[in-house]
Amino acid sequence: QVQLAESGGGLVQPGGSLRLSCAASGFTFSAYAMSWYRQAPGKERELVARIGRFRISTDYATSVLGRFTISRDNAKNAVYLQMNSLKPEDTAVYYCNGARYDGRSWRPTFLDNWGKGTLVTVSS
């Protein structure tokens with residue numbers, strides 16, 4: 001029922017910019033905080049950014065702070081990730097998901113409904 005579809009990835013040179021989109025369906029979108037994760041080859045999936053339901057609150061991994069911006073459009077059930085000043089180490093498959101707090105940290109909500117992700121490759 002829950003579907004998450006990422007798009008917008010591609011090949012970009014270091015220092016360039018890219019905007020990722022996530023189309024969500026199958027749940028009450030506005031009731032969930034949302035997040036972006038990424039997974040590089042040989043590495044574990046990591047949380048990149050999170051945005052609250054109706055608040056301005058956002059949170060970013062230290063590695064992308066100041067370069068990436070997460071946003072959402074509840075009318076379109078969409079989440080976006082604006083990526084600027086891209087570096088080769090940003091190369092990864094990017095995924096979106098709901099975000100929930102388990103008492104210790106923020107975790108992805110829909111563990112059985114990961115999308116296919118969108119590949120971002122930063123290379124000269």
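Buried means under 20% relative accessible area, exposed means over 50%, and partly exposed lies in between. Keep these cut-offs at hand for the exercises below. The model is predicted.

**Exercise 1. Is Arg-67 buried or exposed, and where does Arg-67 lie?**

Step 1. Take the relative accessible area of Arg-67, which is 10%.
Step 2. Compare with the cut-off: buried means under 20%. Arg-67 is therefore buried.
Step 3. Place the residue in the chain. Arg-67 sits in the loop between strand 6 and strand 7.
Step 4. List the contacts, leaving out residues up to four places away in sequence. Arg-67 touches Gln-82, Met-83, Asn-84, Ser-85, Leu-86, Lys-87 and Asp-90.
Step 5. Add a distance. Gln-13 is 54 residues from Arg-67 in sequence, and their C-alpha atoms are 15 Å apart in space.

**Exercise 2. Which elements make up the protein, and in what order do they run from the N terminus?**

Step 1. Count the helices. There are zero.
Step 2. Count the strands. There are 11.
Step 3. Write the order from the N terminus: β-β-β-β-β-β-β-β-β-β-β.

**Exercise 3. Why does the radius of gyration agree with a compact globule?**

Step 1. Start from the chain length, 124 residues.
Step 2. For that length, a compact globule would have a radius of gyration near 14 Å.
Step 3. The protein has 14 Å, so the two agree.
Step 4. Look at the box. Along the principal axes, the C-alpha atoms fill roughly 40 × 30 × 25 Å.
Step 5. Turn to burial. Of the 124 residues, 41% count as buried.
Step 6. Turn to contacts with a separation of 6 or more. Residues 24 or more positions apart account for 55% of them.

**Exercise 4. Describe the surface and the charges.**

Step 1. The accessible surface comes to about 6900 Å².
Step 2. Carbon and sulfur atoms hold 47% of that surface.
Step 3. Count the charged side chains: 15 are positive and 9 are negative.
Step 4. Find the centre of each set. The two centres lie 4 Å apart.

**Exercise 5. Which residues form the disulfide, and which parts of the chain does the pair tie together?**

Step 1. Search the whole structure. One disulfide turns up.
Step 2. Name the partners. Cys-22 and Cys-96 form the bond, with sulfur atoms 1.9 Å apart.
Step 3. Place them. Cys-22 lies in strand 3 (residues 18-25), and Cys-96 lies in strand 9 (residues 92-101). The pair therefore ties together parts that are 74 residues apart in sequence.
Step 4. Read the torsion about the S-S bond. The value is about 55°, so the disulfide is right-handed.
Step 5. Check burial. Both Cys-22 and Cys-96 are buried.

**Exercise 6. Where do Asn-77 and Ser-85 lie, and what is phi for each?**

Step 1. Begin with Asn-77. Its phi is near 50°, a positive value in a residue other than glycine.
Step 2. Asn-77 belongs to the loop between strand 7 (68-73) and strand 8 (78-83).
Step 3. Asn-77 has 26% relative accessibility, so Asn-77 counts as partly exposed.
Step 4. Go on to Ser-85. Phi is positive, about 50°, although Ser-85 is not a glycine.
Step 5. Ser-85 lies in the loop between strand 8 and strand 9.
Step 6. Ser-85 has a relative accessible area of 41%, so Ser-85 is partly exposed.

**Exercise 7. Classify Val-48, Thr-58 and Ser-25 by accessibility, then give contacts for each.**

Step 1. Val-48 is in strand 5 (residues 46-51). Its relative accessibility is 1%, so Val-48 counts as buried.
Step 2. Not counting residues up to four places away, Val-48 touches residues including Trp-36, Tyr-37, Phe-68, Leu-81 and Tyr-94. Trp-36 is 12 residues from Val-48 in sequence and 5.5 Å away, C-alpha to C-alpha.
Step 3. Thr-58 is in strand 6 (residues 58-60). At 35% relative accessibility, Thr-58 counts as partly exposed.
Step 4. Setting aside neighbours within four places in sequence, Thr-58 contacts Arg-50, Ile-51 and Ile-70.
Step 5. Ser-25 is in strand 3. Its relative accessibility is 28%, so Ser-25 counts as partly exposed.
Step 6. With neighbours within four places in sequence left aside, Ser-25 contacts Gln-1, Val-2 and Gln-3.
Step 7. Finish with a distance. Ser-25 and Ala-78 are 53 residues apart along the chain, and their C-alpha atoms are separated by 9.1 Å.

Conventions: Residues are numbered from 1 along each chain as its sequence is written. This is a predicted model: local features need pLDDT of at least 70, side-chain atom pairs count only at pLDDT 80 or more; totals for chains, interfaces and linings use all residues. Side-chain values use heavy atoms; hydrogens and water are left out. Helices (H or I, at least four residues) and strands (E, at least two) are DSSP runs, numbered from the N terminus. The radius of gyration is taken over C-alpha atoms; the globule rule is 2.2 Å times the number of residues to the power 0.38. Buried means under 20% relative accessible area, exposed over 50%, partly exposed in between (1.4 Å probe, protein chains only). Contact means heavy atoms within 4.5 Å. Accessible areas come from the Shrake-Rupley method with a 1.4 Å probe; for residues, only the protein chains shown count as cover. Lys and Arg count as positive and Asp and Glu as negative; His and the chain ends are not counted. The place of a charge is taken as NZ of Lys, CZ of Arg, CG of Asp or CD of Glu. A disulfide is a pair of cysteine sulfur atoms within 2.5 Å.
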